Amino acid sequence: MQWLEQHWYRTTPLHLILLPVSFIFHMAATTRRALYSSGILASVKLPVPIIVVGNITVGGSGKTPLTLWLAQQLIDSGWHPGIISRGHGGTTLSPQAVHASSSPDEAGDEAVLMAQRKLCPVWIGRDRVGAARALLQAHPECDIVLSDDGLQHYRLQRDFEIAVVDGTRRFGNGFLLPAGPLREPLSRLAQVDAIVVNGGAATKGQHSMQFHGERFYNLLNPNTIAQVADFNGQSLHAIAGIGHPQRFFTHLNRLGLKVRAHPFPDHYRFTPADLDYTDADAILMTEKDAVKCTTFANEKCWVLRVDAQLDSLLTQQILEKVTSDGRQTA
């Protein structure tokens, strides 16, 4: 897959082969959406509002941090959210609750990360409808559900759609899979309720999202906190197995840290050998990667917690939409 991604942000002779396949993918995606929109394929409406956070490109764009930010915003507004996710990278197929101690190999790294924040119940399942139903049955107090990813999971009806756009990589070469990174045509963005741009310039009507984080915690001893200045003069290595590893390395550089960067594929399953940097005084990593390194981490491993920052207008927009259609309110 990595070799193919190299062709998603430019045009190469390989596209003579890939573009005809992309046309077929385009027709399939458009037809599938039309079948759900027309009711030929049945979709399910649940008794509580459903907020979907997704994207139209392959790879990470910041959906999980945004979902956590939204969960906190809803809690602060008096709601009782629950989160559902596919559990990408995990082996679990049927609906299942995710806890802070769940295995990322089974539940997926992002789902475990969200559960470790302990904001609200987190459930996973390949079938988002099944996952949402199971969550609501187990937690009847939940009065709104956030779907981390699932913009293309049309079987689940939604009250509000948010598309997250990578502000750096944007839409690559603008082609659909496999010639480019698009899951759906760019025209799909005109149909969502809100567009959030992660780390880039947002145009009128869009929302800008930035990540904030300056403190590290030790993976072996989470109560031990380090500031940026504590790493001055040290030999630093940084690992990242996320959708856009360079974003993490750039963030560290902006904090004034000079690191030796080690990018890995998204959802990479780390092994002890991946942390074997004998010259390192500290190994810096993301929270998403940390959940997969806990069992074999050493005292050199430090985790940077980052939180999404957005304006409150998005929350207002969501609450106005979900309370104006007669659905239950907080």
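This report looks at one helix, one pocket and a few unusual backbone spots in a predicted model.

## Helix H9

Let's start with H9, which covers residues 313-324. With 12 residues at 1.5 Å a residue, H9 should span 16 Å, and its end C-alpha atoms do sit 16 Å apart, so the expected and modelled spans agree.

Five names make up the buried set of H9: Leu314, Thr315, Ile318, Leu319 and Val322. Look down the helix axis and these buried residues fall within an arc of 130 degrees, so they line one face of H9. Over on the other side, Leu313, Glu320 and Ser324 are exposed.

What covers that buried set? The cover includes helix H3 (63-76) along with several strands. Among them are S1 (50-54) and S6 (160-166), and also S7 (194-198) and S8 (207-212).

## The second largest pocket

Next up is the second largest pocket, which holds about 260 Å³ of space. It is lined by 15 residues, and the ones closest to its centre are Arg33, Leu156, Gln157, Arg158 and Glu161.

Where does the lining come from? Helix H2 (15-38) and strand S6 each put in at least two residues. H2 has the largest share, with three residues. If you're thinking about chemistry, the lining breaks down into seven charged, four polar and four nonpolar residues. Strand S6 turns up twice in this report: it helps line this pocket, and it is also part of what covers the buried residues of H9.

## A cis proline

There's a cis peptide bond to keep an eye on, between Leu177 and Pro178, with omega at about -5 degrees. Pro178 belongs to the loop that runs between S6 and S7. Both of those strands also help cover the buried residues of H9.

## Positive phi without glycine

Two residues have a positive phi without being glycine. One of them is Asp149, with phi at about 75 degrees. Asp149 sits in the loop between strand S5 (144-148) and S6. Is Asp149 buried or exposed? Its relative accessibility is 19%, and the cut-off for buried is under 20%, so Asp149 counts as buried.

The other is His267, where phi is about 65 degrees, again at a residue that is not a glycine. You'll find His267 in the loop between strand S12 (259-263) and strand S13 (282-286). With a relative accessibility of 16%, His267 counts as buried too.

Notes
Residues numbered from 1 in each chain as written. Predicted model: local features only at pLDDT ≥ 70, side-chain atom pairs only at ≥ 80, totals over all residues. Heavy atoms only, no water. Helix = DSSP H or I, 4+ residues; strand = E, 2+ residues; numbered from the N terminus. Expected span 1.5 Å × (residues − 1). Buried < 20%, exposed > 50% of the residue type's maximum accessible area, 1.4 Å probe, protein only. Arc of directions from axis to C-beta. Contact = heavy atoms within 4.5 Å. 1 Å grid on protein atoms, 1.4 Å probe; cavity = no way out; pocket = protein on both sides within 12 Å on 5 of 7 lines; lining within 4 Å. Points joined across faces, edges and corners; volume = space filled by probe spheres on them. Nonpolar A, V, L, I, M, F, W, Y, C, P; charged D, E, K, R; others polar.
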